[in-house]
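Here's a quick briefing for anyone opening this structure for the first time. Have a look around, then use the notes below to find your way.

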Amino acid sequence: MRWAALLLAISFATAPAVAAEPGAPLDAAGFDALTVGRTLYYNSGGQPYGVEQYLPGRKVVWAFLGDDCRKGEWYEEGGFICFVYEDNPAPQCWTFWDSDQGLVARFRGDPEGLPLIAVEQSPEPMQCLGPNVGV
């Protein structure tokens, strides 16, 4: 019995950390307060995923890691924070939480998928590679 408890404790200690989603999801005011004027760098599954710059007036600039920048905007709908971008007008909706590990985002309709975690933030604008260079 001791061995089983020890093995269980070791498995928890070596399991990859997954961000907890404490408390209530952020609403538009909470999300805006945590993001506006910042550039956030997101990881998924411990790997770099993308970067988003949050501008006043709910405007954003997004880029997957190593990809072109895309301008967009966000809004709140039904408890989700939804984004639309210039190259894809279909809403991309997420639930966001503020956690000890950073801002955590989970895609609507994918509760078992890996969350995005904002692992770094900066007040500096993004460095765009593509058509919107210098945005």
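Helix 2 tucks three residues out of sight: Ala 28, Phe 31 and Thr 35 are its buried ones. They end up on the same side of helix 2 because they cover an arc of only 65° around the axis. Keep in mind that this is a predicted model.

**Helix 2, side by side**
- Flip to the other side of helix 2 and you'll find Ala 29 and Ala 33, which are exposed.
- So much for the outside; the cover over the buried residues of helix 2 includes strand 1, strand 2, strand 4, strand 5, strand 6 and strand 7.

**The two ends of helix 2**
- At the start of helix 2, Asp 27 lends a hand: one of its side-chain oxygens comes to within 3.3 Å of the backbone nitrogen of Ala 29.
- Just past the helix, look for Gly 37, which has a positive phi of about 85°.

**The barrel**
- What do the strands build together? There are 8 of them, and they close into a barrel, running in the order 1-2-3-4-5-6-7-8 with antiparallel pairing.
- From one strand to the next, the twist averages 35°.
- Helix 2, spanning residues 28-35, packs on this sheet and touches strand 1 (39-44), strand 2 (47-55), strand 4, strand 5, strand 6 (88-99) and strand 7 (102-107).
- The direction of helix 2 makes about 145° with that of strand 4.

**A closer look at one strand pair**
- Strand 4 covers residues 70-77 and strand 5 covers residues 80-85; the two pair in the antiparallel sense over 6 bridges.
- To pick out one bridge, start at Tyr 75 and go across to strand 5, where its partner is Cys 82.
- As background, strands of a sheet pair through backbone hydrogen bonds, either parallel or antiparallel.

**The whole protein**
- How many helices and strands are there? The secondary structure comes to 2 helices and 8 strands.
- Reading along the sequence, you get the pattern α-α-β-β-β-β-β-β-β-β.
- The protein has 135 residues, and 36% of them count as buried.
- Take the contacts with a separation of 6 or more: 42% of those in the protein come from residues 24 or more positions apart.
- The protein exposes about 8,100 Å², and carbon and sulfur atoms supply 58% of that area.

How values were computed
Residues numbered from 1 in each chain as written. Predicted model: local features only at pLDDT ≥ 70, side-chain atom pairs only at ≥ 80, totals over all residues. Heavy atoms only, no water. Pairing = 2+ DSSP bridges. Helix = DSSP H or I, 4+ residues; strand = E, 2+ residues; numbered from the N terminus. Axes fitted to C-alpha atoms, helices over the stretch in contact; angles between N-to-C directions. Contact = heavy atoms within 4.5 Å. Buried < 20%, exposed > 50% of the residue type's maximum accessible area, 1.4 Å probe, protein only. Areas by Shrake-Rupley, 256 points an atom, 1.4 Å probe, with all protein chains shown as cover. Arc of directions from axis to C-beta. Polar contact = N/O pair within 3.5 Å; in protein donor to acceptor, adjacent residues only side chain to side chain.
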